Amino acid sequence: MAKLIVCLTGMPGAGKSTIAEGLKSKGYDIINMGNAVREEAKKRNLELTRANLGKLMLELREQNGPGAVAELVKPQIESSTSNVILIDGVRSNDEIQVLKKFGTVKLLAIHASTDTRFDFLQKRGRSDDPQTKEHFDERDNRELGVGISNSIALSDYAISNIGLTKDELIHIAYEIIQSWIE
């Protein structure tokens, strides 16, 4: 079987990383697109702030094309020995096209309400997580600007993360991914 590349897409705070972390134990390799940008920022000696990471993400796309962030994770995909790779945080169809060079790509969109996402991001504690509603809206607009709504709209399956426990969310995602393998 060719590699199955499951792209988790959705607005920030919808539950993509929760699913990825929860499914590590299933033997899937997890690649986080945001971490790829954070690594690039470290190489450039940039402080890992919301503003710096957002600017870098846009700069990478401007300089290297709209699939640039997916290009950053190519070495991880190529070195993966897993038959299933979860890509956490796909933001555009151009990134999906890059990933299709490495296997069968399926898109799993995660939806959550604005209030749920804002609440989760405030609690998560990453250096670039928005702490104000204004920063949250800024980030959402930046994500929409790079085409995330297209990858969400074209998903093969969508999970509504409303009223689900963490375990329920992970279980539903696992069942969907298993159905794509079989």
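## Contacts and ground rules

Contact here means heavy atoms within 4.5 Å. On that footing, residues 24 or more positions apart make up 77% of the chain's contacts with a separation of 6 or more.

A quick note on what you're looking at: this is a predicted model, where local features need pLDDT of at least 70, side-chain atom pairs count only at pLDDT 80 or more, and totals for chains, interfaces and linings use all residues. Residues are numbered from 1 along each chain as its sequence is written, and side-chain values use heavy atoms, with hydrogens and water left out.

## The chain as a whole

The chain has 10 helices and 5 strands, taken as DSSP runs (helices H or I, at least four residues; strands E, at least two) numbered from the N terminus. Its radius of gyration is 15 Å, which agrees with the value near 16 Å that a compact globule of 182 residues would have; the radius is taken over C-alpha atoms, and the globule rule is 2.2 Å times the number of residues to the power 0.38. Laid along its principal axes, the C-alpha trace spans about 45 × 40 × 25 Å.

Of the 182 residues, 50% count as buried (buried is under 20% relative accessible area, exposed over 50%, partly exposed in between, with a 1.4 Å probe and protein chains only).

## Two residues, two helices

Arg38 sits in helix H2, residues 33–43. Despite the charge you'd expect to count for it, since Lys and Arg count as positive, Arg38 is buried, with a relative accessible area of 11%. Outside its neighbours within four places in sequence, Arg38 touches Asn32, Leu48, Leu53, Arg126 and Asp128.

Ala51 belongs to helix H3, residues 50–64. With a relative accessibility of 47%, Ala51 counts as partly exposed. Its C-alpha is 22 Å from that of Lys16, and the two are 35 residues apart along the chain.

## Helix H7 and its two sides

Arg117, Phe118 and Leu121 are the buried residues to look at in helix H7 (residues 114–124). They cover an arc of only 100° around the axis, so they're on the same side of H7; the arc is that of the directions from the helix axis to the C-beta atoms. The general background is that an α-helix has 3.6 residues a turn, so residues three or four places apart point the same way.

Asp115 and Lys123, on the other side of H7, are exposed. Helix H8 (133–145) is included in what covers the buried residues of H7. Just after H7, Gly125 takes a positive phi of about 90°.
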